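Trainee: I'm new to this one and would love a close look at a single part. Could you walk me through the second largest cavity and then show me what surrounds it?

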Amino acid sequence: MKLDARIPSGPIEQAWDKAQFDMKLVNPANKRRHTLLVVGSGLAGASASASLGELGYNVKCFCFQDSPRRAHSIAAQGGINAAKNYQNDGDSIYRLFYDTVKGGDFRAREANVYRLAQNSVKIIDQCVAQGVPFAREYGGLLENRSFGGAQVSRTFYARGQTGQQLLLGAYQALERQVDAGQVTMFPRTEMLDLIVIDGQARGIVARNLITGKPDVHIGDAVILATGGYGNVYYLSTNAKGSNATAIWRAYKRGALFANPCFTQIHPTCIPVSGDYQSKLTLMSESLRNDGRIWVPKQQGDKRRPDQIPEDERDYYLERKYPSFGNLVPRDVASRNAKAVCDEGRGVGETGLGVYLDFSDAIARLGEETIRERYGNLFDMYQRITDENPYKVPMRIYPAIHYTMGGLWVDYQLQSTIPGLFVLGEANFSDHGANRLGASALMQGLSDGYFIIPYTIGNYIASTRLARVSDSAPEVQQSLSSVKAGIEKLLSIKGKRTVDSFHRELGKIVWEECGMSRNAAGLQKAIGQIRALREEYWQNLNVPGSGDDLNQSLEKAGRVADFFELGELMCLDALERNESCGGHFREEYQTPDGEARRDDEHFSYVAAWGYTGPGNRPELNKEPLEFEYVHPSQRSYK
Amino acid sequence: MKLTLTIWRQRNPGSRGKFVSYPMNDVNPEMSMLECLDVLNESLIERGEEPVAFEHDCREGICGSCGFMVSGIAHGPEPATTVCQLTMRHFKDGDELVLEPWRSRSFPFLKDLVVDRRSFDRIIQAGGYISVSTGSPQDGNDIPVGKEVADRAMDAAACIGCGACVAACPNGSAALFTGAKIAHLGILPQGKPEQDRRAVRMVAQMNTEGFGSCTNIGECTGVCPKEIPLEVIAKMNHDYLAGAWKERHKVVTAITPVTDWELAKK
């Protein structure tokens with residue numbers, strides 16, 4: 001398939017202006033004749049639903065949680081980037097663009113990233129106007145902090161709850177449109193299939209999780225804003241309900257899935273403590289502003305941290321990367337933590353942990369300042385571990401956190417199925433092979449507030465949309481396939497629970513397609529995943545019925561999709577014979593252990609197409625061109 | 001450690017519910033309350049029984065999905081902690097914990113420990129926002145907000161909408177939830193233009209939903225996982241009084257509560 005990213009020609013600074021001007025418009029009276037389906041109510045979905053409702057479209061918004069306010073964007077802690085240069089420290093749109101392309105290890109599309117940097121400025125203004133209580137200085141102006149992968153302070157924040165406050169801003173805008181009658185909200189409703197008619201996305205089949213009934217919803221376009229797929233790994237920092245089902249079912253209806261192996265391991269999470277563990281808890285990257293990361297120089301040093309003298313500690317990030325120090329990007333910080341633990345210098349009972357130490361910062365700034373900056377994070381750490389991080393260094397370890405891969409979209413955020421748009425983490429577009437901190441919130445809101453309202457109008461205005469009835473054969477086929485899928489899961493009546501399979505799948509993918517990968521391991525993982533999937537369909541036990549609230553059934557459908565996606569992740573990782581960003585192939589590294597890219601052969605987006613059950617998916621390539629930021633070996637030394 | 005979980009089991013709103021006791025023999029003190037339920041559910045499924053339905057999502061205490069009574073206290077005995085972050089080390093070997101759903105007629109029952117909290121969304125729909133459409137507002141720094149003001153707004157904005165305040169209140173009042181949003185927006189300069197209308201409409205919606213009145217008992221703030229201060233209720237009453245007087249000639253219409261799931265789809 002020839003992939004046309006529809007990137008506007010001409011200078012990158014004017015690309016988005018030009019694209020906006022070239023787009024067709026839908027006149028206000030006509031907008032109300034169009035129904036748009038938005039799946040997901042996080043930052044991208046809520047901001048899109050609100051903005052499209054304000055424009056006058058009829059919007060139906062779906063989320064599986066009991067309220068749109070629960071979406072997992074709410075858990076983002078540290079902040080949101082914007083190129084405001086309020087700090088007079090040399091920031092600019094171009095610098096944010098540059099940092100993001102470099103941070104993504106030259107595997108993102110330049111034009112998209114530039115537009116993201118441009119929109120970042122408007123996002124802050126919009127959110128302030130909505131009443132988002134960003135941190136302020138005494139003079140009343142907005143305060144900033146710094147984040148990994150950048151040498152300027154451009155991160156805006158609301159204590160350690162930035163995601164919560166931005167989401168509540170978008171949620172409130174959404175509820176305002178519900179009140180205005182422009183948006184109809186469908187909570188506790190899960191999309192299980194995409195309806196494609198004459199090659200256009202025209203609707204979804206979604207199951208009401210309370211009554212169990214799958215329903216058909218027809219619209220003129222479908223917008224997926226359903227987040228990432230980190231829960232393939234079972235243990236992740238994602239919410240328990242976060243899933244890939246919507247994007248995966250869209251993939252099976254013809255949308256291409258791009259760069260599935262680009263997953264991000266976040267360096268600062270609370271280490272695993274036992275087998276029962278259900279999820280991992282992130283400690284915001286902002287902690288690396290003031291915390292110093294170290295391990296003992298000696299292997300197997302079991303002394304308490306306060307008994308290890310200064311000269312027997314290895315502040316390995318500061319030692320190896322003097323210019324960025326503890327603020328190197330996430331992939332670099334994570335890999336180095338794994339390396340010191342592999343050397344036997346990890347701390348804590350399991351040996352899988354490193355110290356994040358605030359004693360120097362407390363001595364320099366006082367405990368009160370540290371409490372002001374990170375109080376809620378310290379409280380959370382203490383609640384979980386029963387240790388006081390003001391007195392004892394935190395123990396942290398990397399965990400899966402974000403997925404840069406997702407459905408392939410062009411510059412207009414449209415997938416390879418006309419009328420199917422994909423926003424936020426669910427698409428692949430802006431972060432390349434590694435996302436910088438405080439950029440996920442930025443992308444979700446940029447897509448939802450400032451991009452989709454334009455591009456959807458262009459699609460509607462330039463497309464012939466025939467009337468669709470519920471009885472159309474494509475609609476009935478989707479509906480019956482959803483019903484059959486539910487029946488199948490309920491009818492196996494085997495011995496093992498969904499969670500036991502999910503945990504095992506997660507372990508395979510974490511071991512072989514996690515922080516570092518190699519060809520033999522990936523091949524082995526593909527075999528293991530297939531065998532386990534076979535067992536899943538023979539030996540799964542889903543209790544209860546499909547006619548009421550059945551949380552096991554919900555999970556069973558999601559895990560079935562994780563099996564297939566997990567295999568695709570391994571296949572993609574196997575095909576990409578280079579290391580870049582979060583994708584670290586052991587065979588491809590520099591002499592000092594850094595990722596070695598191969599721009600000559602792999603400077604492309606790998607977009608996989610579904611070819612039927614059991615068949616090898618088809619690999620399509622979108623070449624990446626770098627006219628502005630020239631690919632170089634990323635160095636943070 | 002050993003614990004007994006005595007849990008409210010009820011299939012659906014139409015059936016009769018009852019408490020069922022489940023002995024747990026191997027509880028790790030590092031587990032969270034919800035992980036303890038995960039372990040129980042795994043064993044129930046293996047025994048061919050239906051697992052306990054409970055709500056949860058982020059398990060970091062921020063999404064507001066989880067919540068139930070633990071031996072009579074909303075979210076259990078630890079202050080400022082949701083059940084997803086309530087670790088079992090706070091209980092003693094041999095304890096019996098009684099788990100039951102939020103009880104409020106404004107939170108219709110659904111299954112086991114799950115209730116319907118859409119009434120909270122409708123209170124927000126009734127004015128819990130600042131009316132700015134997406135576009136090109138003024139620069140963020142054009143509206144200076146003093147640090148103390150921003151901090152107070154943030155204290156109120158920290159509400160996660162879990163519903164513990166309602167469950168803990170002997171009157172079943174939602175004043176802490178409603179007051180938190182009225183305070184968050186009303187304290188900030190951006191929220192001033194709609195201050196009167198917001199308070200009047202949100203309070204009307206709260207009453208329409210059937211929540212009880214506030215009599216300043218303070219149980220709500222005591223169980224609140226985000227420690228929303230009681231003063232947000234004073235702010236609500238203040239704004240409501242002023243608004244009710246200034247808007248006395250206007251008719252306030254509340255949103256009709258929808259509780260039936262079949263109806264909600266239409």
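**The second largest cavity and its surroundings**

Mentor: Let's start with what the walls are made of: by class, the lining of the second largest cavity has 12 nonpolar, 11 polar and 12 charged residues. Keep in mind as we go that this is a predicted model. In total, 35 residues line that cavity, and its volume is about 610 Å³. If you want to find the middle of it on your screen, look for A:Gln551, A:Glu554, A:Lys555, A:Arg558 and B:His56, which are the lining residues nearest the centre. As you can see from those names, both chain A and chain B have a share in the lining.

Now for the elements around it. Three helices each give two or more residues to the lining: H14 (498-513) and H16 (551-575) from chain A, and H1 (33-46) from chain B. The top contributor is H16(A), with 7 residues. As for the wider count, the model has 12 cavities of 30 Å³ or more.

Let's step back to the two chains. Where they meet, 83 residues of chain A touch 83 residues of chain B. Together the chains bury about 6,900 Å², and 49% of that is on carbon and sulfur atoms. On the chain A side, the residues that lose the most area to chain B are A:Arg70, A:Tyr276 and A:Arg383, which together make up 11% of what that side buries. How many salt bridges cross between chain A and chain B? There are 10 of them. A salt bridge you can pick out yourself joins the side chains of A:Lys84 and B:Asp139, at 3.0 Å from N to O.

Finally, a look inside chain A. This chain is split into domain 1 (12-262 + 404-461), domain 2 (267-399) and domain 3 (474-598). The centres of domain 2 and domain 3 of chain A, taken over C-alpha atoms, lie 31 Å apart. Their contact involves 11 residues from domain 2 of chain A and 9 residues from domain 3 of chain A. Between them these two domains bury about 760 Å², with 54% of it on carbon and sulfur atoms. On the domain 2 side, A:Asp331, A:Arg335 and A:Lys338 supply 56% of the area buried against domain 3, more than any other three residues. For the interface of domain 2 and domain 3 of chain A, the salt bridge count is 0.

Notes
Residues numbered from 1 in each chain as written. Chains lettered and ligands numbered in written order. Predicted model: local features only at pLDDT ≥ 70, side-chain atom pairs only at ≥ 80, totals over all residues. Heavy atoms only, no water. 1 Å grid on protein atoms, 1.4 Å probe; cavity = no way out; pocket = protein on both sides within 12 Å on 5 of 7 lines; lining within 4 Å. Points joined across faces, edges and corners; volume = space filled by probe spheres on them. Helix = DSSP H or I, 4+ residues; strand = E, 2+ residues; numbered from the N terminus. Nonpolar A, V, L, I, M, F, W, Y, C, P; charged D, E, K, R; others polar. Domains from an automatic or database assignment. Contact = heavy atoms within 4.5 Å. Buried area = accessible area lost by both parts, 1.4 Å probe. Salt bridge = Lys/Arg side-chain N within 4 Å of Asp/Glu carboxyl O.
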